[in-house]
Amino acid sequence: MKSGAAFKLIVVGHETSRVIDIPPLDITYPLCDLFCDGRVLLAGARCQWRGPDDFDKNGVIFDPKTGATKRLLLGDGISDLGVDSNDRIWVSYFDEGVFGNFGWSHPGPQGPGAGGLVCFDANGQELWAFNGPENPDFIDDCYALNVQRHELWAYYYSDFKMCRLDGQFEPVRFPSVPISGSKAFAVCSEGFLFSKQYRETAGTFHFLQREGNQMRQGRKLRGVLPNGTKFENSSMIGTGSCMHVLNDMGWFRTDLATQFG
């Protein structure tokens with residue numbers, strides 16, 4: 001394994017926070033989440049296939065209690081990931097992961113990303129994939145993922161749609177979503193808050209009302225951060241009913257259930 005960079009993971013709760021020191025790893029800009037027992041899942045977005053026994057394992061499970069690390073293959077083209085209450089790993093992929101790149105599918109075998117949205121167990125064994133003969137829909141590119149402990153929501157292309165999974169691998173589909181190109185969303189019983197669409201300015205949001213498995217066009221909103229902080233260089237993450245905004249000024253959060261519930 002090539003030498004890499006060490007990381008610090010800051011875990012913030014309602015009343016406490018803690019820092020987890022992670023040893024040097026050969027992955028860049030990792031995505032991460034926590035298992036129920038406190039182990040850390042990290043993954044780099046890209047991995048290469050060079051031969052049947054020569055490919056990058058771009059997932060890492062780190063145990064802060066023992067310092068042990070375990071590598072696993074999660075596939076190329078990772079868009080997002082999360083861990084549910086059963087310690088299953090959910091990974092979504094952008095189009096290069098789905099259709100193949102860096103040796104996957106051309107000339108090598110299909111990688112895990114061909115599934116579009118894939119569930120793994122804690123050992124990296126694939127349990128379920130969205131793209132398959134039994135599923136009438138196909139994910140070309142998963143634009144946004146919202147992973148909670150007991151359910152998961154995915155917003156994907158082609159013809160922007162959304163589905164909900166409660167862990168039983170039976171998607172509840174929202175067949176028509178009147179939002180194009182959003183990269184983050186929050187969800188509550190009343191509706192959905194999406195970040196900006198294609199060609200919209202940063203800080204634009206859309207609230208869509210929820211009626212069964214349908215969405216009704218709602219309100220266009222303008223987000224305002226404290227002290228006039230701009231949205232231009234912000235990253236947005238939706239987890240449950242919360243929309244998180246991270247930029248050089250700090251970490252900001254709004255709870256959709258409080259605002260619209």
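This is a chat about a hairpin, two loop residues and a pocket in a predicted model.

Trainee: Before we start, what should I know about the model?

Mentor: It is predicted, so to speak on paper: local features need pLDDT of at least 70, side-chain atom pairs count only at pLDDT 80 or more, and totals for chains, interfaces and linings use all residues. Residues are numbered from 1 along each chain as its sequence is written, and side-chain values use heavy atoms, with hydrogens and water left out.

Trainee: OK, how do β11 and β12 pair?

Mentor: Strand β11 (residues 117-120) and strand β12 (residues 126-129) run antiparallel, with 3 bridges. Strands here are DSSP runs of E, at least two residues, numbered from the N terminus, and two of them pair if DSSP finds at least two bridges between them.

Trainee: Which residue stands opposite E126?

Mentor: F120 does. Between the two strands of that hairpin there are 5 residues, and G124 has a positive phi near 85 degrees.

Trainee: Where is N131, and is it buried or exposed?

Mentor: N131 is in the loop between β12 and β13 (141-147). N131 counts as buried because its relative accessibility is 13%; the cut-offs are under 20% relative accessible area for buried, over 50% for exposed and partly exposed in between, with a 1.4 Å probe and protein chains only.

Trainee: What does its side chain reach?

Mentor: The N131 side chain reaches the backbone nitrogen of I139 at 2.7 Å. Leaving out residues up to four places away in sequence, N131 also touches others, including V98, A114 and D137. Touching means heavy atoms within 4.5 Å.

Trainee: Switching loops, what about A202?

Mentor: A202 lies between β18 (191-194) and β19 (204-211). A202 is buried too, at 16% relative accessible area. Beyond residues up to four places away in sequence, A202 touches K196, R222, F231 and E232.

Trainee: How far is A202 from F130?

Mentor: They are 72 residues apart in sequence and 31 Å apart in space, C-alpha to C-alpha.

Trainee: And the largest pocket, which residues lie nearest its centre?

Mentor: C32, D33, I237, T239 and H244, out of 47 lining residues. A pocket is an open set of points on a 1 Å grid over the protein atoms alone, where a 1.4 Å probe fits, with protein on both sides within 12 Å along at least five of seven lines; lining residues have an atom within 4 Å of a point.

Trainee: Which element gives the most to the lining?

Mentor: β13, with 7 residues.

Technical notes: Helices (H or I, at least four residues) and strands (E, at least two) are DSSP runs, numbered from the N terminus. A polar contact is a pair of N or O atoms within 3.5 Å; within protein, one must be able to donate a hydrogen and the other to accept it, and residues adjacent in sequence count only if both atoms are side-chain atoms.
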